[in-house]
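Thanks, everyone, for making the time; I would like to walk through one model this morning, beginning with the sheet and ending with the core. Please have a look at it first.

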Amino acid sequence: MNSVQITFRGMTVSEALAEHIRDEYEALGRYHDRIHSCHVVIEQPHRHKSQGREFQCHITLHVPGRELAVSRGPSDPAQREDPYETVDEAFRAARRMLIAYAQKRHDHAHGPLPEMDEAPMKESA
């Protein structure tokens, strides 16, 4: 996996937040091992006194044959002022998107995976 490009907009650069973003990006490698590039933009678009400091995170991933893009702000109003929560939500969405993309590529190449029985297997005596 290549390194991640991080851009801060409308806010000061935070090395701690950048490290958190790099950690989240590295974790995506468990779901897809052929990510060519990743660009993360964390921004604080508008600073309204009445609304506080809300953050948004945009992630663009380039994988073979596709560009995957995610934009998120925290859905929980109590978390809107936490840039870490915004980054976490965006990476959770990116993870789901990567999993769906990998599954679709697998299904196209090999056919769908067989249905798995969710009941626990019994050990034979």
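Before I speak of pairing, let me fix the term: two strands count as paired if DSSP finds at least two bridges between them. Please also keep in mind throughout that this is a predicted model.

In that sense β1 and strand β2, residues 37-43, are paired in parallel over six bridges, and within this pair T7 stands opposite V41 of β2. They belong to an open sheet of four strands, ordered β1-β2-β5-β6, in which the pairing is mixed. The edges are β1, residues 4-9, and β6, residues 66-72, each of which pairs on one side only, and from one strand to the next the twist averages 10°.

Across β1, β2 and β5, the last of these being residues 56-63, lies α1, which runs at about 145° to β1. Helix α1 covers residues 15-28, and because 14 residues at 1.5 Å each should span 20 Å, the 20 Å between its end C-alpha atoms agrees with expectation. Its buried residues are L17, A18, H20, I21, E24, Y25, A27 and L28.

Which residues touch the most other members of the largest nonpolar core? Among its 26 residues, they are V40, I42, I59, L61 and F91. Two or more residues come from each of β1, α1, β2, β5, β6 and α2, residues 83-110, with α2 giving the most, seven residues.

To take I42 as an example, its contacts beyond four places in sequence include T7 and F8, L17 and I21, F55, and P83, T86 and V87.

Terms used. Residues are numbered from 1 along each chain as its sequence is written. This is a predicted model: local features need pLDDT of at least 70, side-chain atom pairs count only at pLDDT 80 or more; totals for chains, interfaces and linings use all residues. Side-chain values use heavy atoms; hydrogens and water are left out. The expected span of a helix is 1.5 Å times one less than its number of residues. Buried means under 20% relative accessible area, exposed over 50%, partly exposed in between (1.4 Å probe, protein chains only). Axes are lines fitted to C-alpha atoms, for helices over the stretch in contact, and angles run from 0 to 180 degrees between N-to-C directions. Contact means heavy atoms within 4.5 Å. A nonpolar core is a set of buried Ala, Val, Leu, Ile, Met, Phe, Trp, Tyr and Cys residues joined through side-chain atoms within 4.5 Å.
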